Amino acid sequence: MVKITDVARRAGVSPSTVSYALSGKRPISDATRRRVQAAARELGYRTDDGGRFRSGARAKVLALAVPMRPGIHVPVVTQFAVSVVTAARARDHDVLLLTQGEGDEGIGRVTETGLADGVIVTDVQLQDPRLPLLRSCSLPSVLIGVPAEADGLTCVDLDFRAAGELCVDHLAGLGHRTVALVGSPPEVYVRRTAFARRLVEGFTAAAGRHGLASVALPCGTGRDAARAVAERLLRDLPALTAVVVHNEPLVDPLIEAFEQLGMRVPGDLSLTAVCPAPVAAAARVPVTSVAVPAAELGARAVHLLIRKLSGAPVPGTTLLPPRLTERASTAPRGH
């Protein structure tokens, strides 16, 4: 099948110019349009059957890229997907789910076929391989996450660096002097996933600012992983009295593991988490937490994308401030 990139190569222009020339969405010189149309005819390139590229009509569909990669926690993905679908339906749009694990193939396919009017991208990496296509193609996009270089992109996310700092500030304010971060699975950091890396940065910066002894460790999921990381922390940091958890499935297993090792929460060990509020509230010891506002992030992303589709101006990056809710899992040191 002839792709839009083939037409671009034959015409000597970018794929986005081909899309603009065939859709009429942006002004293109007559000479360039004729060259693109000639290349499309020579190669046998066709628009979708509905003729959206020719007419400029909209599909009333938003694509949602949620790559199912190792280390992804499916319930969190589901929360984001439901929030996007709910917000899109309120604006008379359907949602097309793209779950391909790596690269930009799904986004490229949507761009070429006109199946969707825009795309919301999740699980953003600091150097995300999808960014060159998102910057060059005609498909408007919004990222739930902020890459290292966000110029020219529209991004929305929780301020994860500030969230890491807020957890440490709370624990330091309770008198704790040794703190650990139990983070996401190792593969999440290997991919340089933006939210996980930024939370570590905030945790480390706040610990340094308060003069705390600290360590940050990745951790898999499950009770065996929780027990192993709890044992390691108590062995390496015998003065440990506070933990920040950024790994939603580990909240209950970690509390259980520490209790089995003789550390009562919060009597001997204060524990905070960055996770959805229902998870924190339902834990075996209700956990002081910074909520991950999946519903708000999904709704914001849809709102921004609809505005882009209408031609309205949108901010480059929107960071939601973290809010910490105190529950039973934190107490003053030595309480």
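Welcome to a few exercises on this predicted model. Its average pLDDT is 89, and 92% of the residues score at least 70. One stretch calls for care: residues 49-56 have a pLDDT below 50, and this stretch has 21 contacts in the model beyond near neighbours in sequence.

**Exercise 1. Packing of two helices**

Describe how helix H8 and helix H10 pack against each other, and sort the residues of their contact by type.

*Solution.* Start with what is needed: two packed helices are described by the angle between their axes and the distance between the axes. For H8 (residues 160-173) and H10 (residues 194-210), the axes come within 6 Å and cross at roughly 35°. The handedness of this crossing is right-handed.

Next, find the residues involved. H8 contributes residues including Phe160, Ala163, Val168 and Ala172, while among those from H10 are Phe195, Leu199, Phe203 and Ala206. Sorted by type, the contact of H8 with H10 has 10 nonpolar, three polar and six charged residues.

Finally, look at some of the charged side chains. Arg161, Glu165, Asp169, Glu201 and Arg209 are linked in a network of salt bridges.

**Exercise 2. Three salt bridges**

For the pairs Asp30–Arg33, Arg300–Glu296 and Lys60–Asp92, work out where the partners lie along the chain.

*Solution.* Keep the principle in mind: side chains of opposite charge can pair when their charged atoms come close. The model has 17 salt bridges in total.

- Asp30 and Arg33 have their closest N and O atoms 3.6 Å apart. Because they are three residues apart in helix H3 (residues 30-43), about one helical turn separates them. Arg33 is partly exposed, at 21% relative accessibility.
- Arg300 and Glu296 meet at 3.4 Å, N to O. Both belong to helix H14 (residues 294-309), where they are four residues apart, about one turn of the helix. Arg300 is partly exposed at 33%, and Glu296 is partly exposed at 35%.
- Lys60 and Asp92 have their closest N and O atoms 3.8 Å apart. This pair links distant parts of the chain, 32 residues apart: Lys60 is in the loop between helix H4 and strand S1, and Asp92 is in the loop between helix H5 and strand S2. Lys60 is partly exposed at 35%, and Asp92 is partly exposed at 48%.

**Exercise 3. A proline in a loop**

Is Pro185 buried or exposed, and where does it lie?

*Solution.* First, place the residue: Pro185 is in the loop between strand S6 (178-182) and helix H9 (186-190). Then apply the cut-off: Pro185 has a relative accessible area of 9%, and buried means under 20%, so Pro185 is buried.

Methods:
Residues numbered from 1 in each chain as written. Predicted model: local features only at pLDDT ≥ 70, side-chain atom pairs only at ≥ 80, totals over all residues. Heavy atoms only, no water. pLDDT = per-residue confidence, 0-100. Contact = heavy atoms within 4.5 Å. Buried < 20%, exposed > 50% of the residue type's maximum accessible area, 1.4 Å probe, protein only. Axes fitted to C-alpha atoms, helices over the stretch in contact; angles between N-to-C directions. Left-handed = near helix turned anticlockwise from the far one by under 90°. Nonpolar A, V, L, I, M, F, W, Y, C, P; charged D, E, K, R; others polar. Salt bridge = Lys/Arg side-chain N within 4 Å of Asp/Glu carboxyl O.
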